[in-house]
Amino acid sequence: VSVHGILGQSFYKNFDVLFDFKAGEIVLLSPDTTYQWLLNKGYRCQTLNGEKKGHLLVFDCQVGGVPARLAFDSGAQTNLLAGDWPQQHPSTVKSLKKDHLIGYGDGRASITKGKITLTLGGCKYKNQQTAFSDVSHLKESKGIDGLFGCEVLAKQKMLVSYKRQELILID
């Protein structure tokens with residue numbers, strides 16, 4: 001498989017995007033036809049209203065019962081919360097361990113990882129792998145506590161509408 005680029009919000013903003021990781025599909029829909037398409041497919045859906053903050057869609061969630069504002073990031077391999085989250089909310093995190101990230105920035109960074117239960121709307125996602133690191137730039141500029149993405153997408157078919165600022169969870 002050759003990769004020629006990364007699809008992100010700058011591309012997705014013109015579409016409603018259905019992520020179905022179990023089927024290995026990403027479906028692009030015209031925002032004007034999405035609801036009819038979902039109805040024709042017979043899907044049961046729950047819609048969550050979000051808020052656009054820059055290029056991110058932010059949703060009210062819960063982490064282990066604690067309210068959190070998390071941004072959806074389809075490219076986030078793991079969930080991300082503030083580095084001090086485990087100390088501030090110890091009962092919400094389990095299986096904490098140190099790990100290292102290797103990247104193209106400064107090379108190698110030490111982080112803490114653990115598992116959380118993330119609640120979106122009425123849906124609970126248990127044992128969500130989560131990294132804890134500095135998210136002060138998101139918190140200070142956009143009021144965001146962290147990110148969620150592929151960990152949830154691997155368990156839930158969902159549709160993101162940047163135009164309507166919605167996340168639709170699909171059964």
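This report walks through salt bridges, one well-covered strand and three single residues. The structure is a predicted model.

**Strand E13**

Start with strand E13, which spans residues 166–170. E13 is mostly covered, with five of its five residues buried. The cover is on both faces. Glu 166, Ile 168 and Ile 170 are buried on one side. Leu 167 and Leu 169 are buried on the other.

Which strands pair with E13? Strand E3, residues 45–49, pairs with E13 in the antiparallel sense over five bridges. Within that pairing, Cys 45 has Ile 170 as its bridge partner. E12 also pairs with E13, again antiparallel and over five bridges. Here Met 158 stands opposite Leu 169.

E12 and E13 form a hairpin with four residues between the strands. One residue to look for in this hairpin is Gln 165, which takes a positive phi near 55°.

**Salt bridges**

How many salt bridges does a search of the whole structure find? The search finds ten. Three of them appear in the table.

| Acidic partner | Basic partner | N to O distance |
|---|---|---|
| Asp 32 | Lys 163 | 3.5 Å |
| Asp 60 | Arg 69 | 2.9 Å |
| Glu 166 | Arg 164 | 3.0 Å |

Take the bridge between Asp 32 and Lys 163. This pair links distant parts of the chain, 131 residues apart. Asp 32 sits in the loop between strand E2 (25–29) and helix H2 (34–41). Lys 163 sits in the loop between strands E12 (157–161) and E13 (166–170). Both partners are exposed.

Now the bridge between Arg 164 and Glu 166. Is Glu 166 buried or exposed? Its relative accessibility is 9%, so Glu 166 counts as buried. Arg 164 has a relative accessible area of 24%, so Arg 164 is partly exposed.

Salt bridges with shared partners also build a network, which joins Glu 51, Lys 53, Asp 60 and Arg 69. The side chains of Arg 69 and Asp 60 meet within this group. Asp 60 counts as exposed because its relative accessibility is 55%. Arg 69 reaches 22%, so Arg 69 counts as partly exposed.

**Three single residues**

Gln 62 belongs to strand E5, residues 56–63. Its relative accessible area is 34%, so Gln 62 is partly exposed. What does Gln 62 touch, not counting residues up to four places away in sequence? Gln 62 touches Pro 67, Ala 68, Thr 117, Leu 118 and Thr 119. Compare sequence and space for Gln 62 and Lys 124: they are 62 residues apart in sequence, but their C-alpha atoms are 9.1 Å apart.

Val 66 is found in strand E6, residues 66–72. Leaving aside neighbours within four places in sequence, Val 66 contacts Cys 61, Trp 85, His 89 and Thr 92. Ser 91 is 25 residues from Val 66 along the chain. The C-alpha atoms of these two are separated by 9.8 Å.

Asp 20 lies in strand E1, residues 16–20. Is Asp 20 buried or exposed? Asp 20 is buried, because its relative accessible area is 10% and buried means under 20%. Leaving aside neighbours within four places in sequence, Asp 20 is in contact with Glu 25 and Lys 157.

Note on methods:
Residues numbered from 1 in each chain as written. Predicted model: local features only at pLDDT ≥ 70, side-chain atom pairs only at ≥ 80, totals over all residues. Heavy atoms only, no water. Helix = DSSP H or I, 4+ residues; strand = E, 2+ residues; numbered from the N terminus. Contact = heavy atoms within 4.5 Å. Salt bridge = Lys/Arg side-chain N within 4 Å of Asp/Glu carboxyl O. Buried < 20%, exposed > 50% of the residue type's maximum accessible area, 1.4 Å probe, protein only. Pairing = 2+ DSSP bridges.
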